[in-house]
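Colleague: Could you take me on a close look at the empty spaces in this protein and what surrounds them? I am a first-year student, so please go step by step.

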Amino acid sequence: MAERTESPGYLEKRSLRRGSAGPLLLTGLGVAYVVSGDYSGWNFGLAHGGFGGLAVAAALMGLMYTCMVFALAELAAILPTAGGGYGFARRALGPWGGFLTGTAILIEYVLAPAAISIFIGDYVESLHLFGLASSWPVYLFCFAVFIGVHLWGVGEALRFSFLVTGVAVAALLVFAVGAFTDFHTGRLNDISADPHAFGSSSWLPFGLLGIWAAFPFGMWFFLGVEGVPLAAEETRDPARTLPRAMATSMGILLLLALLTFLAATGAGGANALTEAGNPLVTALDPDGGGRVLARVVNYAGLAGLVASFFSLIYAGSRQLFALSRAGYLPRVLSLTSRRKAPWLGLLVPGTIGFTLAAATGDGARMLNVAVFGATISYALMSLSHIVLRRREPSLPRPYRTPGGVATSTTAFVLACAALVATFLVDVTAALIALAVYAVAAGYFALYSRHRLVANAPEEEFAALAAAEAELSRE
């Protein structure tokens, strides 16, 4: 595996703005990645598992994300670079492990914004804003405006994200209060049980297999929170700030998931929400009578989608930036502007995302592809924590994962189960993701692995580890 050391000027043209993010903005970023999932998407899991099946799936996925976040917090404190999950896997699993992890993360962060832009279009159309329909001009406006804010600067971008996220979270709390006033336990299990499904009941209408099939939808309450470490190089005191922000954002997301799931299903009924594109509005106003609170939540749902769209663009650009800077992808993609924004790292994924959205209009399929990529990265990142704990026990760890290897092993097992579950939901999406993976692996095997940049931060960390291992053997 050939590596070459580049001149100092190479990295100077590929540097981010240091110290732009503190614990509050990073906590907001963690919530922003995910908050749109509270407004829509999770409810489709009711059609696969019913209330009981989705409840168990969401609880297990919540456990997976909690365990993974604690593991990633330790890794982020050890390796505070923009590579995030790719950097962790590079240190633990070598260049191939780093590349495969980074590629899986890119699949998630390129496809998810494309899907969300379509959902934003659907909201704009349903709210009759400016007489616009869900179509390519709306998608183009989203990508152009919000990428423009990111090009302006990371501090400004994170503050904008924090503001919009605050609106979306406040509206979720208001929704929960309103929905619980019309809560009825009987509505939770109003889906007819399938008599042919093993273990079926009123609470598990599709049987025990329905729990597993609902895994990908239980993930929607938390999908994306793992992207917080991607802001490491733009964070003040990352070894202290990142673990604190990740734990806080995960706690907020667990609370929001519990309130949203229970309130919406108990108010609207499980059966009514199985195909609802806007489940919270359906729960509040099932007859479409124009209830004021439902309209407020509808507008807030648009804010939630914007927050997640905006923050996922940020995450994708930083992952692409780190892989490109280290030579895994074309190096030109890591060039930064005078305002220290990776401009090509923003424009190229944005162009791909817009093209996919405009050409297909299939947001659900693209999100399923994104979920497939996410589950692969979760398994590899959790495995990285296990490997580093076993192989480098004396590595300085400013933050240590509660439960140690047992915690990351739990995340690894559940991530593998979620990966298999994606085939139960959408085989086509899984195969599309595998095809993209195969093309990327071919590029790395035949070309880029022979042209890695030795003095990129993630490569330097790996080289230092190799040198220390060699000295310990001597």
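Modeller: Helix 5 gives the second largest pocket more of its lining than any other element does, namely five residues. Keep in mind that the model is predicted. This pocket has a volume of about 390 Å³. Its lining counts 20 residues, and Tyr123, Ser126, Gly277, Asn278 and Asn298 are the closest to its centre. Two elements, helix 5 and helix 13, give two or more residues to that lining. As for chemistry, the lining of the second largest pocket is made up of nine nonpolar, seven polar and four charged residues.

Now let us go to the largest pocket, where about 620 Å³ of space lies. It is lined by 24 residues, and those closest to its centre are Leu106, Ile107, Val110, Ile352 and Val436. At least two lining residues come from each of helix 5, helix 13, helix 14, helix 15 and helix 17, the last of these spanning residues 427-446. Here too you will meet helix 5, which provides the largest share of the lining with six residues. The lining of the largest pocket divides into 21 nonpolar residues, two polar ones and one charged one.

Pockets are one kind of space, and cavities are the other. How is such space found at all? Rolling a probe the size of a water molecule over the atoms shows where empty space is left. In this structure there are four cavities of 30 Å³ or more.

The largest cavity holds about 170 Å³ of space. There are 15 residues in its lining, and nearest its centre lie Ser36, Gly37, Ile116, Leu223 and Leu367. Helix 2 (23-34), helix 3 (36-39), helix 5 (85-126) and helix 13 (292-325) each bring at least two residues to this lining. Helix 5 supplies the largest share, four residues. If you sort the lining of the largest cavity by type, you get ten nonpolar residues, four polar ones and one charged one.

In the second largest cavity there is about 70 Å³ of space. Among the residues that line it are Tyr109, Val110, Pro113, Phe143, Leu312 and Ile313. You may recognise Val110, which is also one of the residues closest to the centre of the largest pocket. Helix 5, helix 13 and helix 14 (343-360) each give at least two residues to the lining of this second largest cavity. Its lining residues are eight nonpolar and four polar, with no charged ones.

Next, look at the packed side chains. The largest nonpolar core has 138 residues, and the members that touch the most others are Tyr39, Trp42, Tyr65, Ile120, Phe175, Met219 and Tyr378. Once more helix 5 gives the largest share, this time 17 residues of the core. Tryptophan 42 is a good residue to click on: beyond its neighbours within four places in sequence, its contacts include Gly37, Leu54, Phe217, Trp220, Phe221 and Pro279. Gly37 is also one of the residues nearest the centre of the largest cavity. Apart from the largest core there is another core of 16 residues, including Phe99, Tyr328, Ala440 and Val453.

Helix 13, which you have met in several linings, also carries phenylalanine 310. Is that residue buried or exposed? Phenylalanine 310 counts as buried because its relative accessible area is 1%, and the cut-off for buried is under 20%.

Finally, follow the chain past helix 5. Histidine 128 is in the loop that joins helix 5 to helix 6 (136-152), and phenylalanine 130 is found in that loop as well. What is unusual about their backbones? Most residues other than glycine have a negative phi. Histidine 128, though not a glycine, has a positive phi of about 60°, and phenylalanine 130, also not a glycine, has a positive phi of about 60°. Both side chains are worth a look from the outside. Histidine 128 counts as exposed because its relative accessibility is 64%, and phenylalanine 130 is exposed, with a relative accessible area of 78%.

Methods. Residues numbered from 1 in each chain as written. Predicted model: local features only at pLDDT ≥ 70, side-chain atom pairs only at ≥ 80, totals over all residues. Heavy atoms only, no water. 1 Å grid on protein atoms, 1.4 Å probe; cavity = no way out; pocket = protein on both sides within 12 Å on 5 of 7 lines; lining within 4 Å. Points joined across faces, edges and corners; volume = space filled by probe spheres on them. Nonpolar A, V, L, I, M, F, W, Y, C, P; charged D, E, K, R; others polar. Core = buried A, V, L, I, M, F, W, Y, C linked by side-chain atoms within 4.5 Å. Buried < 20%, exposed > 50% of the residue type's maximum accessible area, 1.4 Å probe, protein only. Contact = heavy atoms within 4.5 Å.
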